[in-house]
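Trainee: Hey, can you walk me through this one? I'd like to get a feel for how to read a fold.

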Amino acid sequence: MRLKLGNLFAIALGFFAVLAGDAKTSAAENWPTRPVKFILTLGPGSGSDISARLLGDRLTQRWGQPVVVENRPGGDGIVAINAFVGAHDDHVLLFTPTSSFTAHPFLHENLPYKPSDLVPITRVSNTIITISVPTNLNIKSLKELAALARAQPGKLNWAGVTGALDFLFAGWLKHDGLDMTKVAYKNPVDAANDLAEGRVQAYESALAIVRPQLQSGKIRLLAVTNSVRAPTEPNLPTVEQAGYPALTIDGLVGLFGPPGMPLELRNRITADIRAVVDKTIEDRLTTTGQITNIGGPEEFAKSTDEQRAKVAEFAKELGITPLPQN
C-alpha cells in the first residue's frame with residue numbers, strides 16, 4: 001500500500017509540474033493582453049529612441065496591441081528606471097543603453113533600485129561609440145592625441161557626460177599617465193558643440209551625437225571603441241587596432257523587464273523582435289550609428305555583466321569604490 005501511495009504521489013507531483021509548465025507556456029504565448037509601454041532613459045531623436053519606435057511600430061502589428069514609447073530623460077537615467085521599477089507591470093518595459101546605469105553604483109548613494117530589478121530580455125543593438133577631436137587640433141590618431149596630452153600636461157580638456165564612458169576615458173588617461181582636464185556636461189549635444197568649437201579637445205560619445213559636427217567638417221573621429229568597425233565608417237580603426245585595447249566597449253541597447261518575468265516570455269519577446277527586424281530596420285539603425293545585434297536573455301545578461309565588470313575595473317584604476325547603498 002505504501003508503494004502504491006508513493007507512486008500515486010509521484011504521479012500527482014508530475015501532473016502538477018506539467019500543469020505549471022503549461023500555465024507558464026500559455027502565459028508567454030498569450031502575452032501581451034493589453035498595451036505595452038517602452039520607457040526610455042534618453043530623449044526623442046536619440047539612437048535608442050529611433051530603435052524603440054521602429055520596433056514598436058512593427059511589434060504593434062505582430063502583437064495586436066499598441067506599443068507606446070515614453071521618453072523619461074534626466075537624472076543620469078534614474079528618472080526612467082524609477083518609472084519602470086515603480087510600475088511593477090510586465091507590460092511596462094525599460095528600453096535603454098546599459099551605459100545609462102552600469103556606473104550608477106560608483107556615482108550615486110542609496111540608489112532607489114537594485115540591479116536585480118532590471119531583468120534582461122533582449123539585446124537589440126550595439127551603439128557605435130567614437131573618440132573624436134576638433135579638426136583644428138590637427139590630430140589624426142589616438143597615439144597622436146596621447147602624445148599631445150603628454151607634451152602639454154593639464155592643458156587639454158575632455159568632455160564628460162557621466163556614466164560608463166567617462167569611467168573608461170578617465171581610466172585610460174590615468175593608466176597611461178596622461179593629464180587632461182574633465183569638463184562636465186549635462187547635455188551630450190552641448191559637449192559635441194563645444195568640441196566642434198575647440199573648447200574641449202576630446203570627447204568619447206555615441207557616433208549619433210557627433211554626426212552633425214562630423215558632417216560639417218568641424219570634428220575628426222579617431223577610433224571606435226566597439227569590438228568591430230562601424231559599417232558607416234569602414235576606414236576608422238577600432239581602439240584595439242589603434243593600439244589601446246583596454247578602451248574597448250560595445251554600447252549595449254536593449255529591453256529589460258521586471259523581476260519575476262518568466263524566461264519563456266523573455267525568449268518569446270526576443271523571438272518576436274528577431275522576426276520583425278528586417279533589412280529596412282537594420283539600414284535605419286546603421287544610419288543612426290548602431291549595429292543590429294539581437295541577443296536573448298542569457299546573452300544580454302552576460303554582456304551587461306561584462307560591461308559592469310569593465311566599469312568596475314576602471315573605477316578601481318581611478319581609486320573609486322562603490323558608494324553605500326540601502
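**A chat about the fold**

Mentor: Sure, let's start in a loop: Asn-110 sits in the one between helix 4 (104-107) and strand 4. Keep in mind that this is a predicted model.

Trainee: What's the phi of Asn-110 like?

Mentor: It's positive, about 45 degrees, and Asn-110 isn't a glycine. Most residues other than glycine have a negative phi, so that kind of value catches the eye.

Trainee: And how much of Asn-110 is exposed?

Mentor: Its relative accessible area is 41%, so Asn-110 counts as partly exposed, the class between 20% and 50%.

Trainee: Which residue other than glycine has a positive phi near 70 degrees?

Mentor: That's Thr-162. You'll find Thr-162 in the loop between strand 6 and helix 6, and with a relative accessible area of 39% it is partly exposed.

Trainee: OK, new topic: sheets. What's the strand order in the sheet of 6 strands?

Mentor: The order is 2-1-3-10-4-11; the sheet is open and its pairing is mixed. Strand 2 (67-71) and strand 11 (290-295) are at the edges with a single partner strand each, so each has one side without a neighbour in the sheet. From one strand to the next, the twist averages 25 degrees.

Trainee: How do strand 4 and strand 10 pair?

Mentor: Antiparallel, over 7 bridges, with strand 4 covering residues 119-127 and strand 10 covering 251-257. If you want a spot to look at, Ser-125 stands opposite Val-253 in strand 10.

Trainee: Which strands does helix 3 lie across?

Mentor: Helix 3 (residues 78-87) lies across strand 1 (36-40), strand 3 (92-97) and strand 10. It runs at about 155 degrees to strand 3.

Trainee: And the sheet of 5 strands, what's the order there?

Mentor: There it goes 7-6-8-5-9, again an open sheet with mixed pairing. Strand 7 (181-184) and strand 9 (219-224) are the edge strands; each has a single partner strand, so one side of each lacks a neighbour in the sheet. On average, neighbouring strands are turned by 30 degrees against each other, ignoring direction.

Trainee: How many bridges link strand 5 and strand 9?

Mentor: Strand 5 (residues 129-134) and strand 9 pair over 5 bridges, in the antiparallel sense. Thr-130 stands opposite Val-224 in strand 9.

Trainee: What does helix 7 touch on that sheet?

Mentor: Helix 7 (residues 188-196) packs on it and touches strand 5, strand 6 (157-160), strand 8 (202-206) and strand 9. Its direction makes about 140 degrees with that of strand 8. Helix 8 (residues 207-215) packs on the sheet too, touching strand 5, strand 8 and strand 9, at about 120 degrees to strand 8.

Trainee: Switching again: is helix 6 largely enclosed or largely open?

Mentor: Largely enclosed by the rest of the structure, because 10 of its 12 residues are buried. Among them are Phe-167, Phe-169 and Trp-172.

Trainee: What span should helix 6 have?

Mentor: At 1.5 Å a residue, its 12 residues (164-175) should span 16 Å. The end C-alpha atoms are 16 Å apart, so that agrees. Helix 6 is followed by Gly-177, with a positive phi near 70 degrees.

Trainee: Where is Thr-270, and is it buried or exposed?

Mentor: Thr-270 is in helix 9 (residues 263-276), and at 4% relative accessibility it counts as buried, since the cut-off is under 20%. Its side chain reaches the backbone oxygen of Ile-121 at 3.2 Å. Leaving aside neighbours within four places in sequence, Thr-270 is in contact with residues including Ile-121, Thr-122 and Ile-294.

Trainee: What about Thr-288? Where's that one?

Mentor: Thr-288 is in the loop between helix 10 (279-287) and strand 11, and it is buried, with a relative accessible area of 8%. A polar atom of its side chain lies 2.9 Å from the backbone oxygen of Leu-285. Not counting residues up to four places away in sequence, Thr-288 touches Ile-50, Ala-208 and Arg-211.

Trainee: How many residues apart in sequence are Thr-288 and Gly-45?

Mentor: They're 243 residues apart in sequence, and 9.5 Å apart in space, C-alpha to C-alpha.

Trainee: Last one: which peptide bond is cis, with omega near 0 degrees?

Mentor: The one from Trp-31 to Pro-32. Pro-32 is in the loop between helix 1 (2-30) and strand 1.

Conventions. Residues are numbered from 1 along each chain as its sequence is written. This is a predicted model: local features need pLDDT of at least 70, side-chain atom pairs count only at pLDDT 80 or more; totals for chains, interfaces and linings use all residues. Side-chain values use heavy atoms; hydrogens and water are left out. Two strands pair if DSSP finds at least two bridges between them. Helices (H or I, at least four residues) and strands (E, at least two) are DSSP runs, numbered from the N terminus. Axes are lines fitted to C-alpha atoms, for helices over the stretch in contact, and angles run from 0 to 180 degrees between N-to-C directions. Contact means heavy atoms within 4.5 Å. Buried means under 20% relative accessible area, exposed over 50%, partly exposed in between (1.4 Å probe, protein chains only). A polar contact is a pair of N or O atoms within 3.5 Å; within protein, one must be able to donate a hydrogen and the other to accept it, and residues adjacent in sequence count only if both atoms are side-chain atoms. The expected span of a helix is 1.5 Å times one less than its number of residues.
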